[in-house]
Amino acid sequence: METLVRGGTVVLESGSFRADVLIRNGKVAGLVQQRKSNPFTGQVIDAAGALVLPGGVDVHTHIGITFGEFKTRDDFATATRAAAFGGTTSLLEFAFPEPGEDPGEAVERRISEADGRAVIDFGFHAAIVQRADADALAGIERAAKLGAPSVKVFTAYRGLMMLELGDVLAVMREAARSRSLVMVHAETEAIVERASGELRERGIADARHHALARPAIAELDAARSVLRLARESGATVYLVHVTLPEVAEEIGKARAAGGRAFGETCPHYLLLDESVYTRPHGERFVCSPPIRSAEAARGLWRSLGSELTGVHSDHCCFDRAQKKVHASDSTRIPPGLPGVETRLPLLISAALSGRLPMNEVVRLCSSEPARLFGMPGKGSLLPGMDADLIVVDPRRRGRVNGLHMSTDYRPFEGMAIRGGIETVVAGGQLLVSSGKWVGEEPSGRYIHRRRLKA
Ligand code: URP
Ligand code: ZN
Ligand code: ZN
């Protein structure tokens, strides 16, 4: 069956224009000049007065993961449904190896967890945690062969995830050989340990002081080190959840010096500030790195589209009870915020409020990540691309509420929001219509991604 998305303004990263979108066999078959008299007998999606954007691509989520003593409350069925409500039609998740597993085996296990449950397309990043032994390093190539040519490492979370810098360098060398991207959570653990230890001694280690427990210098120091190691090894490096304009600047400098260095930030670092920790239940905002000052957030906005080429959710669905268990020691609170559903609506709202152009939202949230992470069918609506799109009513105004993520709190609850995602189409299938779920069987497919260009 053919579908025509009729009467809207198509927004691509290159700009906007009036066109109907013709969909056939799950792909964009054409962008068609709008004529009232166009005869069409297939399914029509009315987009009159609306914006038609490529579906969102979120490359940083955590779904159904165990972090220390806590497991996130969602799974691939619930998280991908929430993502779709928020206009995201593809996501990349992590495959953290279990004891005894190599990164390739972890990717295979995670594919089987998502298969048949995900309602949108999904892919995985490999990961190496705790030690980069020979088997783990060989797993980078195995994962790349499976279509997962990216590997995540952490310089923080000692005993859970952390790698020493020597291991990070070994991962980078191997990743460069496999043409895989290295994603880094960059915070120097020793600085975090010292800072949080001092707060504990002073009896102020609770969530209210979380921003002090993981100071800016920890992020800046680690970012500088890993950018240097990337330069040395020839690896392409991607810093996740950048919270500081100074780190964005370091990424820019590394790129200007000929390195392949990239970075993302997240909506909570752009739209919230450290005062959230002094609100009642500040523990619900605990994440690593912490949410910083309003000035830092303003600096991040300025680096969007230049030093930082993506805005991703870092979705992590813990609930209020889990967040509260260790509220008196912020280093033990399960870190992360739910956000896969709110990322794109918040960015669209920012664009409608004049904070950035709408085509920049498309670039940051769809096109650039699709390119960088090797997903050639995603991130655009040019003919031949996957028919993943959203229809946005730019006149709608409301507040963040009534979400679908598997948790009982929302970091952006009540925030004024402009624009409403009315319709979501993924692979040519209608998932959301007039804001209501109409999807049928889960039909998300595994995205076998391409390696980096040589
Ligand atoms: O606080 C965060 N960011 N939680 C998720 C895990 C991670 O570090 O990305
Ligand atoms: Zn992280
Ligand atoms: Zn994360």
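Reader: In which strand is the place of G310?

Author: Happy to start there, and please keep in mind that this is a predicted model. The strand that holds G310 covers residues 310-311. Its name is β17.

Reader: Is G310 buried or exposed?

Author: The relative accessible area of G310 is 2%. Buried means under 20%. Since 2% is the value for G310, the residue is therefore buried.

Reader: How many Å apart in space are G310 and A297, C-alpha to C-alpha?

Author: Along the sequence, G310 and A297 are 13 residues apart. In space, the distance from C-alpha to C-alpha is 15 Å.

Reader: Let's turn to the ligand. Where does ligand 1 sit?

Author: The residues around ligand 1 include H60, H62, F154 and Y157. Further along the chain, H185, H241, C287 and S288 are among them too, as are D314, C316, P335 and G336. The site that holds ligand 1 is the largest cavity.

Reader: How many residues of the shell around ligand 1 are charged?

Author: The shell divides by residue type into five nonpolar and six polar residues, plus a charged group. Asp counts as charged, and D314 is one of the residues around ligand 1. The number of charged residues in the shell is one.

Reader: How far from an oxygen atom of ligand 1 does a polar side-chain atom of Y157 lie?

Author: Let me take H62 before Y157. A polar side-chain atom of H62 lies 3.2 Å from an oxygen atom of ligand 1. For Y157, a polar side-chain atom again pairs with a ligand oxygen, and the distance is 2.7 Å.

Reader: Which residue has a polar backbone atom 2.7 Å from an oxygen atom of ligand 1?

Author: Here the protein partner is a backbone atom, and the ligand partner is an oxygen atom. The pair is 2.7 Å apart, and the residue is S288.

Reader: What share of the accessible area of ligand 1 does the protein cover?

Author: On its own, ligand 1 has 260 Å² of accessible area. The share of this area that the protein covers is 99%.

Reader: Which residue does a cis peptide bond join to S288?

Author: Omega of this cis bond is about -10°. The partner of S288 is found in the loop between α9 (267-271) and α10 (294-303). That partner is P289.

Reader: With which side chain does the side chain of D386 make a polar contact?

Author: D386 lies in the loop between α13 (358-372) and β19 (389-399). With a relative accessible area of 9%, D386 is buried. Its side chain makes a polar contact at 2.7 Å, and the partner is the side chain of K27.

Reader: What distance separates the C-alpha atoms of R24 and A387?

Author: R24 has its place in strand β4, residues 20-24, and is partly exposed at a relative accessible area of 39%. Along the chain, R24 and A387 are 363 residues apart. Their C-alpha atoms are separated by 8.3 Å.

Reader: What is the phi of Q130?

Author: Q130 has its place in the loop between β12 (121-127) and α3 (134-145). The residue is partly exposed, with a relative accessible area of 41%. Although Q130 is not a glycine, its phi is positive, at about 70°.

Reader: Is S434 buried or exposed?

Author: S434 is found in the loop between β21 (429-433) and β22 (436-437). Its phi is positive, near 50°, in a residue other than glycine. The relative accessible area of S434 is 54%, and exposed means over 50%, so S434 is exposed.

Reader: How many Å apart in space are R399 and F76?

Author: R399 has its place in strand β19 and is exposed, with a relative accessible area of 53%. In sequence, R399 and F76 are 323 residues apart. In space, C-alpha to C-alpha, they are 26 Å apart.

Reader: One more, please! What distance separates the C-alpha atoms of R110 and F96?

Author: R110 lies in helix α2, residues 103-114. A relative accessible area of 4% makes R110 a buried residue. R110 and F96 are 14 residues apart along the chain, and their C-alpha atoms are separated by 8.8 Å.

Technical notes. Residues are numbered from 1 along each chain as its sequence is written. Chains are lettered from A and ligands numbered from 1 in the order in which they are written. This is a predicted model: local features need pLDDT of at least 70, side-chain atom pairs count only at pLDDT 80 or more; totals for chains, interfaces and linings use all residues. Side-chain values use heavy atoms; hydrogens and water are left out. A residue is near a molecule or strand if one of its heavy atoms lies within 4 Å of it. A polar contact is a pair of N or O atoms within 3.5 Å; within protein, one must be able to donate a hydrogen and the other to accept it, and residues adjacent in sequence count only if both atoms are side-chain atoms. Accessible areas come from the Shrake-Rupley method with a 1.4 Å probe; for residues, only the protein chains shown count as cover. On a 1 Å grid over the protein atoms alone, a cavity is a set of points where a 1.4 Å probe fits but cannot get out, and a pocket is an open set with protein on both sides within 12 Å along at least five of seven lines; lining residues have an atom within 4 Å of a point. A molecule sits in a cavity or pocket if more than half of its atoms lie within 2 Å of its grid points. Helices (H or I, at least four residues) and strands (E, at least two) are DSSP runs, numbered from the N terminus. Buried means under 20% relative accessible area, exposed over 50%, partly exposed in between (1.4 Å probe, protein chains only).
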